[in-house]
Amino acid sequence: MKATRKAKEDSRKEEIIEVAAKLFEKKGFRGTTCENIAKEMGFTKAAIYYHFDSKETILKEVNNRASRLFLENAKGIISSDLRPDEKLDKILKSHIRMILENLTWISVFFRERRELPRKFSKSIFMSNKRYTELLRNVY
């Protein structure tokens with residue numbers, strides 16, 4: 001029973017993150033409220049706050065997702081047996097593909113990350129730094 005409840009809560013959180021990302025892209029972070037997110041989902045604002053303590057926390061999750069897309073993809077390619085030039089070629093091609101396939105996430109990541117409180121922006125900065133270091137170490 002607990003596993004089912006946890007899965008349902010995780011699914012709900014993912015749904016909130018998805019809807020919020022679309023609204024952040026359309027209206028901007030400042031132009032979106034938790035009430036907007038709730039209304040879009042047919043929920044009450046309290047239902048959003050049950051899963052997230054703030055709109056900033058939701059934005060952090062959107063940014064974390066975008067960061068993870070690139071980081072995990074690069075890790076997989078770098079750990080392969082390809083030559084360094086092939087790795088870079090594959091990373092660049094997949095980087096472009098991921099941007100095109102995830103425009104909402106990437107748009108919000110680049111446009112709205114300045115809205116993150118310092119306590120959250122540091123983790124995003126560190127993730128970006130790890131990504132850059134991975135690319136530098138290909139050769």
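**Salt bridges and a nonpolar core, value by value**

Reader: Why is E101 called exposed?
Author: In this predicted model, E101 has a relative accessible area of 53%. The cut-off for exposed is over 50%, so E101 qualifies.

Reader: And what makes E101 and R97 a salt bridge?
Author: Their closest N and O atoms are 3.5 Å apart, and the limit is within 4 Å, so the pair counts. Both residues lie in helix α5, 4 residues apart, about one turn of the helix. R97 has a relative accessible area of 39%, so R97 is partly exposed.

Reader: Which residues are joined into one network by salt bridges that share partners?
Author: Those are E14, E18 and R65. The structure holds 12 salt bridges.

Reader: How do you know that E9 and R5 form a salt bridge?
Author: Happily, the check is the one used before: N to O is 3.4 Å, and within 4 Å is what is asked. The two sit 4 residues apart in helix α1, about one helical turn. R5, at 55%, is exposed, while E9, at 25%, is partly exposed.

Reader: What makes R83 partly exposed rather than exposed?
Author: Exposed needs over 50%, and R83 has 48%, so R83 stays partly exposed. Its salt-bridge partner is E86, with the closest N and O atoms 3.2 Å apart.

Reader: Turning to the core, which helix gives the most to the largest nonpolar core?
Author: That core has 34 residues, and I16 is among those with the most contacts inside it. Helix α4 gives the most, with 9 residues.

Terms used:
Residues are numbered from 1 along each chain as its sequence is written. This is a predicted model: local features need pLDDT of at least 70, side-chain atom pairs count only at pLDDT 80 or more; totals for chains, interfaces and linings use all residues. Side-chain values use heavy atoms; hydrogens and water are left out. A nonpolar core is a set of buried Ala, Val, Leu, Ile, Met, Phe, Trp, Tyr and Cys residues joined through side-chain atoms within 4.5 Å. Buried means under 20% relative accessible area, exposed over 50%, partly exposed in between (1.4 Å probe, protein chains only). A salt bridge is a side-chain nitrogen of Lys or Arg within 4 Å of a carboxyl oxygen of Asp or Glu.
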